[in-house]
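Here are my notes on the model you sent over. Have it open as you read, and start at the ligand.

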Amino acid sequence: MKKIGIIGGGAMGSGIAQVFAQSGHSVVLYDTNKEALDRSKQNLAKTFEKLVAKEKYTAEKAQEIQNKIEYADSLTAFASIDLMIEAIIENLDIKKSVFKQVEEIVSDECILASNTSSLSIASIASACSKPERVIGIHFFNPAPLMALVEIIPAVQTREGLADEVKALIQSVGKLPVITKDTPGFIVNRVARPFYSESIRLLEEGVADAETIDFAMTSVGGFRMGPFELMDFIGHDVNYRVTESVFESFFYDPRFKPSFSQKRLFEAGYYGRKSGRGFYNYAEGVEKKAPSQDQALLEKIYKRVLVMLINEAADALFLNIANREDLDTAMTKGVNYPKGLLKWADEYGLEKVQDDLDELYNYYHEDRYRLSPIIRNYVKENKTFY
Ligand code: NAI
């Protein structure tokens with residue numbers, strides 16, 4: 001069993017602490033804010049009360065797990081840890097200074113990981129005197145429930161560390177995938193068109209949000225439609241991710257954010273949590289009924305789907321991850337009904353090519369450019385699986 005040190009007792013740090021404690025590891029959870037630590041402890045107690053009520057654990061076992069977590073208000077408790085996972089505020093300078101500080105306390109063998117969603121692991125590792133022990137371990141929210149974990153070796157990370165971390169993550173019951181240190185890693189890169197192409201359809205007036213959501217859930221089989229989902233995630237979070245991915249890709253137009261979402265963000269219409277986003281959540285306001293025009297629903301679904309497939313295919317083309325990991329990431333990280341490369345084979349690569357070429361020929365916009373891998377596969381009569 002390993003000793004895990006977690007920095008940041010917010011939503012992610014607390015969830016990650018629970019994951020490791022449930023698998024028998026001892027955990028030290030550190031936060032600069034004492035209240036955050038108290039809240040984390042209380043929330044965990046409530047979670048375990050529910051798990052005991054559901055008979056997932058006996059009261060003794062639940063207590064034993066909670067006792068595995070030590071809440072520390074000083075970093076000195078990190079002296080004997082084997083792995084540090086940082087889950088503090090998403091700010092590069094602060095993260096770098098925390099990594100520097102931690103490196104002075106932990107042993108030379110201790111692995112240092114960041115749970116960052118949007119910063120490069122290379123830039124965080126650059127703050128360390130032993131950058132070869134730094135890696136990204138990116139959990140999804142809520143960490144105890146979401147199986148996917150993205151593992152991100154940086155250019156500095158030593159050979160073999162990603163596989164060691166992968167084995168550890170597997171041993172705590174999670175599904176790790178290995179991805180390159182590029183913006184958005186897998187999920188936050190490949191999922192962009194689900195939002196952006198849907199907003200584009202809305203902006204062009206092809207259909208309203210209700211109809212686009214209905215097309216993606218009823219025809220596409222997605223659990224939530226893009227507009228419901230963005231309102232649920234919050235436009236503060238979702239818009240910022242979109243903007244950060246766009247900037248990090250040196251402004252590649254295929255990741256361009258939309259003005260519609262930016263304005264919601266600026267207006268403070270964050271979605272469900274603020275009572276208004278694409279939808280109005282005020283009491284008594286009913287959603288409009290979606291269109292039942294099957295041809296329209298099919299058209300919407302196909303356009304968003306081929307854009308998603310193209311993004312996944314391009315990630316494969318650029319060796320961001322392997323085929324299986326790309327598909328696992330989307331089914332386990334964002335609950336897509338199917339892996340996108342598997343879906344591509346079922347849909348037919350030639351059809352994906354034709355649909356995208358048609359969009360490109362119509363718009364002459366870079367966002368619709370087909371990934372070369374699809375054209376090559378069609379030429380060679382190959383499929384992804
Ligand atoms: P949060 O705001 O809920 O928690 C952050 C915690 O870090 C707070 O309790 C704060 O007091 C503490 N903190 C801030 N600066 C600190 C410092 N210098 N030393 C020690 N503790 C400090 O944030 P959340 O949502 O848990 O996110 C944490 C990290 O995880 C971020 O890097 C974020 O990008 C990443 N992440 C977030 C996901 C999400 O859906 N919320 C999903 C995956 C990753």
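**Notes on the ligand site and strand E6**

1. In this predicted model, an N or O atom in the side chain of Ser 117 sits 3.3 Å from an oxygen atom of the ligand, which makes a polar contact (a pair of N or O atoms within 3.5 Å). On its own the ligand exposes 830 Å², and the protein buries 72% of that (Shrake-Rupley areas, 1.4 Å probe). Ligand oxygen also lies 2.7 Å from a polar side-chain atom of Lys 95 and 2.8 Å from a polar backbone atom of Met 12.

2. A quick word on the ground rules: it's a predicted model, with local features needing pLDDT of at least 70, side-chain atom pairs 80 or more, and totals for chains, interfaces and linings using all residues. Numbering runs from 1 along each chain as its sequence is written, and side-chain values use heavy atoms, without hydrogens or water.

3. The ligand has 24 residues around it (a heavy atom within 4 Å). Helix H4 (92–103) gives the most, with 3 residues. Helix H1 (11–22) and E6 each supply at least two (helices are DSSP H or I runs of at least four residues, strands E runs of at least two).

4. Now E6 itself, residues 134–139: 6 of the 6 residues are buried, so the strand is largely enclosed by the rest of the structure (buried is under 20% relative accessible area, 1.4 Å probe, protein chains only). Val 134, Gly 136 and His 138 point one way, and Ile 135, Ile 137 and Phe 139 the other.

5. Who are E6's neighbours? E5 (111–114) pairs with E6 in parallel over 3 bridges, whereas E7 (148–153) runs antiparallel to E6 with 5 bridges (pairing needs at least two DSSP bridges).

Technical notes
Buried < 20%, exposed > 50% of the residue type's maximum accessible area, 1.4 Å probe, protein only. Polar contact = N/O pair within 3.5 Å; in protein donor to acceptor, adjacent residues only side chain to side chain.
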